[in-house]
Every structure is written in structure tokens, then in C-alpha cells.
Amino acid sequence: METIIFIETSKRGSSREAVKAAARLGFITVLFTEKKRFLKRRKEFPDIKQMIHFDKMTEDLIRTEISQLQIQGKIINAIISFVDPFVSLAAQLSNELCKSNISVEALRNMEDKTATRRALKENPTTPKFEVLQPMANITDFINKEHSFPLIVKSPLSNASKDVYLVENKYELKKAIKKFLKIYPDQQILLEEYLDGPQYLVEVLVHNGKINIVAIFEQEITKEIKFIVTGYAIRLNVKDDFYNKLYNTVESIINDLKVTNAACHLEIRYVNGNWKLVEINPRISAGAMNRMIEEAFGINLVEETIRLYLGDEPNLIRKHEKHIYTHYITMNSRGRLVKVTGKNRAANEPGVREVNVKLRKRAIMPPRSMGHRYGYVIATGNTIDEAKANAVNAGSKIKFHLEPFSGQI
């Protein structure tokens, strides 16, 4: 009974598609999760053979459950996570128990943004940064000379949560106090603000060979927070602009000492130079796997599983298509009554997929990536046509809300 254990998943998106890919490859799939709601909706997960709930996942409890699965006769081929903060822990256990060869220390550094900055402090892509310790004198720190604007973030943030742009000392003080109230024992990372077009780069490293699988230009909306609302995949990457990007990505991967792992980088082009916003130890969540599959015919989560099993991933492009994904956000708040126009959107020119979060009952303006309420993936003869098709289809989807007066 060859088995792959997944530590946590989301309801949809890349991490969910990874579990489906493992089942499709013929493995028994076991999910370790803290989400009770998944057990209540068990029928919605037919590809998961066994689901084990934890009130709180710890390494000791995970090891105990793995031992129980082995007693049951399951052969554990890999232990994988596509969800923060379990990626490096899963890799560590897989190396130990399944004879994998994953770059655990590099993944661990990626999970903690202060560790990333320190590991890359000599790399020219690293912006100016400073780490505020939780026991430091806040008044003294705020009164120091700072070059505003600054980005203030939690070292463990993901999906744009706990990331703030501050323009002056008053806003800096307010952001620091908010962090310390929520995370009293956690460091705070301050970085120079990087102004320039932002790109997302999906990378798979196999036996030291760096494979840049896909490059996306991101469209960022700044309202309450910085939220990525659009992704345009770039097919032609042969000019000097992209060659410099390739060299930059390789320098980062090499400095982090990545030998076998999947990751993605968010990187900005600032005054003719590439600067690293962040690097994460997994494929990007949401529609990323579907976008890459539509653009190139590569199922990146499936190839990541092959990598973690010790096999060589197949990253040969089967085709090349212009793909744009438009994410839907809301400027109003309220309770979701119904969504209309989904079928109409799906029938618009160029549309490859429409995905809407129908279960979301509380709607609000975006404060994190989790406040994106659906997406449309579309293709076209050019990237501009693909974008126009995606945005046009998205405009057909209507969220009907009723006023919400309480806290969300």
C-alpha cells in the first residue's frame, strides 16, 4: 500500500490539486489536517483515502500518527506539504523516514522571512532591511532615522497578511503596536519599499539544476493592502531583460543552497535591477498550477511530487499559450446572498476556467489574498487579448450582498 502523506491542504488551489495528482499517480493519499470542517464535508474529498484530524499539529503527534499508519501496513513513500508553515517539517520527515533528498534547510529559511534576508544579506537582490526584536525599546527604535516609505511585515506572513506600507513615524508606531499586540513574542521585519513592476517566478530544482518553469507579471492593486489581482504569463523570455532575471534567480537559489526543492519568488524590477520581495518554499497557491497547465501543459504539482519521490520531473512544454488570470475582489462589505453570471462568464471568448467561492458568507474589501472571491483564467492570441477576455468574463459575475452591520 504505497502511500503519500500530505500535511494540510486548502479546499481548492495548488495544494488541493497536489493531493488529486498523487491519487491519479496511484498512491494511497492520507491527509493530516487541523480543519474540522473537512471531516464534516468528507464526501467532497473522494481522492483522499484517509483523513486524520489534529487539534494542533506538532512534530511529536505527526510522528505518532505516521507510526500508526506504518503499523497498518502502509508504505510511506513521501511526506509532503504545499501549505505554510508545514513545508520544511514535511520535507524533514520525508528525508528521515522515506529516504528523500529534499533541501530542508533552504526550505526552512524560506519559511521565515528574517532568515531569508539574513541568508541572502550579501546577495545584491536583497533590499535594505532591519529586524525589530520583541523586547526592544520601541520608542528608541521609532525615533531612529528611517527612510520612508517602509514595508513592515511579520516574518511568517503569507498571502499578503500582516504586511503594511508605512509612510511616516506615526504609521510605523501604529503598525509596530498592532504587531506586538497580536504577536508579542515575534520579530518584526522592516524593509525598504521597492517600486517597480513585480513578477512571480516558479522554480523547480532537481539535483542542483535550476528549472525556471514559468514567469508571471503580476498586477497589484493597492487599496487597504497590496493585493495581486492579475497574473500574465510570459512566453518569450529570450531578451536581455529576462536573461538578467534568470541570472538573478539562479544567484538566489545558489546562495540559499537549494539542491532539490520547489519554490516561487516574487521579485521587482527597480531602476534597472532585480530586487527580491520574498521567496516561498512551494508552488504559489490559488490558480497557479492551473495557469501553468493551461499555458504549457505542465502539471507542476505532479512534477513536484515526482521530484520529492526521487524521480526526475518532466518539465518539457507540450504547448505555449498566452494565459491571463483575473482575480475578483470587492469594494463593499456584506453577507453573500447569491452569485450570478458564472455560466455566462464561462461562455465568454477565450475563457478556460471560472472559479468562484460560493461558500464565502462574509464579503469585505481585500486585506489579504484570502479576500479574493474568485478568478477567471482566459487565453487569447496575445497576452493583451487574454487579459481583455479574462476581465470581460469577470465583469459578468455579480455578487449579491445584504448589509452587514457587525464584525467580520
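**Cavities and cysteines**

Modeller: In this predicted model, the largest cavity has a volume of about 50 Å³.

Colleague: Which residues line the largest cavity?

Modeller: Its lining is made up of Met-110, Lys-113, Thr-116, Arg-117, Lys-153, Leu-189, Glu-191, Val-277, Glu-278 and Ile-279. The elements that contribute two or more residues to this lining are helix 6 (113–119), strand 8 (188–192) and strand 13 (273–280).

Colleague: And how does the lining of the largest cavity divide by class?

Modeller: There are five charged residues in that lining, along with four nonpolar and one polar.

Colleague: OK, how many cavities of 30 Å³ or more does the structure hold?

Modeller: The structure holds three of them, and the second largest encloses about 40 Å³ of space.

Colleague: What lines the second largest cavity?

Modeller: Around the second largest cavity are Ser-81, Phe-82, Val-87, Ala-262, Pro-281, Arg-282, Ile-283, Thr-304 and Tyr-308, a lining that divides into six nonpolar residues, two polar and one charged.

Colleague: Switching topic, how many disulfides are there?

Modeller: The structure holds zero disulfides, which is to say that no pair of cysteine sulfur atoms lies within 2.5 Å.

Colleague: Then is Cys-98 buried or exposed, and what is its relative accessible area?

Modeller: Cys-98 has a relative accessible area of 15%, and it counts as buried because that value is under 20%.

Colleague: Same question for Cys-263: buried or exposed?

Modeller: Cys-263 is also buried, since its relative accessible area of 0% falls under the 20% cut-off.

Methods. Residues numbered from 1 in each chain as written. Predicted model: local features only at pLDDT ≥ 70, side-chain atom pairs only at ≥ 80, totals over all residues. Heavy atoms only, no water. Buried < 20%, exposed > 50% of the residue type's maximum accessible area, 1.4 Å probe, protein only. 1 Å grid on protein atoms, 1.4 Å probe; cavity = no way out; pocket = protein on both sides within 12 Å on 5 of 7 lines; lining within 4 Å. Points joined across faces, edges and corners; volume = space filled by probe spheres on them. Helix = DSSP H or I, 4+ residues; strand = E, 2+ residues; numbered from the N terminus. Nonpolar A, V, L, I, M, F, W, Y, C, P; charged D, E, K, R; others polar.
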